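This report goes through a single protein chain for a reader who has not met it before. Please keep the sequence and the 3D view at hand while reading.

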Amino acid sequence: MVASSAYGMDYARGGMVICCFVYLLFALLVYLVGTEKIIALFPPIVSGSISILVGLSLASYAIELASSCWVLAILAFFIAGGINIFGSRQLQSFSIIISLVVSFFAALILSSLGLLDVIDFADTNAAAWFGIPKFVLPKFSLNAALIILPYTLCGIVDHVGDVVVAGIICKKDYTTDPGVHRTLLGDGLAAMISSFFGGPPNATYSENIGLLALTNNYETLPLRIAAVIAIFMGLIPKISALIGAIPSAIIGGISIMLFGSISAMGIRQFSDNKVNFDSSANVIIVAAMLIIGLGGAKVSFSALGQDFMLEGIGLATVVGVLLNAAFKFGKIGLKNVNRRVHDEQYT
């Protein structure tokens, strides 16, 4: 947003393309240094806090959507929740889409009865049945790229956190198979290609972590099928407009569950890994990350003639990693001191 306001959207997309090389460099760095050393920076006390933060940071957005019509939001929430609690494993995989469809038809009925006014088909009626997305090549400016760079670094941190959390939910170590270096490489290349042809940059999408937790569907084949369907739907503007006609309250009701599930997974990480909260160090790490991540803390600095700012989950993650490292090395140093004192006493 800042880059596009200062230099125009074409230069902002060019800046995104340039910054995507940072993803590739980080992928190479992880490969050379070793995944285990990078992941060691994200122990359960840090990765669990990141999960909690991701969910809670989206909470206000979910409530904003739901508050446009609480009747529909509550209906969507209970349909999805009921299916996930009482439905079969196969049915749980479709809980979100079932909730969307049923709630949408309920909104149509209530609107036809004059009880609600939340659906507008004006854009749907005006949309064409077939259309080609507009492809626009980027323009390049180093200054625009420097504005975007801090957000790219935050995206990389979020990426690692999302991969760790997804692996915990799916009970599979994605940090080694396929490996963080490969996921970073794929993320960077996808964002680069999208930005180069006029689209938005791609990134790991934390909301999908909640979908994993709710649907219990961890297979990659449905994702590939969904990607193909999404491409074809992109060629049919009328369908896109119809999806846009879904009342935001329905999305909000489902989002409450999705975003809350992400935070719940963070608590689960603490439990599964038996994180010791009798440890003052662990309490301090969680406390600092939550307050900094949700409290609006910002760190601004200047470099290369540009102003940079680190905030939100990115800043909280950096603080958590640094605190964990400081406490860890502090304990090691204290043990060494105690050992030397003990040796001196008995020599």
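## R268 and its surroundings

In which helix is the place of R268? R268 is found in helix α15. The model is a predicted one, and its values are computed from the atoms.

R268 has a relative accessibility of 26% and therefore counts as partly exposed, since the class of partly exposed residues begins where buried ends, at 20%. Leaving out residues up to four places away in sequence, R268 touches I168 and K171. R268 and S51 are 217 residues apart along the chain, yet their C-alpha atoms are separated by 9.8 Å.

## Overall make-up

The protein has 17 helices and two strands. Of its 347 residues, 41% count as buried.

Among the contacts with a separation of 6 or more, 80% are accounted for by residues 24 or more positions apart.

## Helices α2 and α11

Helix α2 covers residues 9-33 and helix α11 covers residues 175-196. Their axes come within 8 Å and cross at roughly 170°. Angles over 145 degrees count as roughly antiparallel, so α2 and α11 are roughly antiparallel to each other. The crossing in which α2 passes α11 is left-handed.

On the α2 side, the contact is made by R13, M16, V17, C20, F21, Y23, L24, F26, A27, V30 and Y31. On the α11 side, V180, H181, L184, L185, D187, G188, L189, A191, M192, S195 and F196 take part. By type, the residues of this contact divide into 17 nonpolar, three polar and two charged.

## S194 in α11

Is S194 buried or exposed? S194, a residue of helix α11, has a relative accessibility of 17% and so counts as buried, the limit being under 20%. Not counting residues up to four places away in sequence, S194 touches G199, P200, P201 and N202.

## Nonpolar cores

In soluble globular proteins, nonpolar side chains tend to be buried together. In this model, the largest nonpolar core has 48 residues. The residues with the most contacts inside this core are I45, V46, V180, L184, I250, I254 and M289. Helix α15 gives the core its largest share, eight residues. A second, separate core has six residues, among them V165, I169, C170 and L212.

Two of the residues named for the largest core, V180 and L184, also belong to the α11 side of the contact with α2. V46 can be followed further: leaving aside its neighbours within four places in sequence, V46 is in contact with L41, I285, M289, G320, V321 and N324. One of these, M289, is itself listed among the core residues with the most contacts.

## V102 in α8

V102 lies in helix α8, which covers residues 95-112. With a relative accessibility of 40%, V102 counts as partly exposed.

How far apart in space are V102 and I79, C-alpha to C-alpha? The distance is 8.3 Å, while V102 and I79 are 23 residues apart in sequence.

## K274 in a loop

Helix α15 (248-272) and helix α16 (280-294) are linked by a loop, and K274 lies in this loop. K274 is not a glycine, although it has a positive phi of about 50°.

The relative accessible area of K274 is 71%, so K274 is exposed; the class of exposed residues starts over 50%.

Conventions
Residues numbered from 1 in each chain as written. Predicted model: local features only at pLDDT ≥ 70, side-chain atom pairs only at ≥ 80, totals over all residues. Heavy atoms only, no water. Axes fitted to C-alpha atoms, helices over the stretch in contact; angles between N-to-C directions. Helix = DSSP H or I, 4+ residues; strand = E, 2+ residues; numbered from the N terminus. Parallel < 35°, antiparallel > 145°, perpendicular 65-115°, else oblique. Left-handed = near helix turned anticlockwise from the far one by under 90°. Contact = heavy atoms within 4.5 Å. Nonpolar A, V, L, I, M, F, W, Y, C, P; charged D, E, K, R; others polar. Buried < 20%, exposed > 50% of the residue type's maximum accessible area, 1.4 Å probe, protein only. Core = buried A, V, L, I, M, F, W, Y, C linked by side-chain atoms within 4.5 Å.
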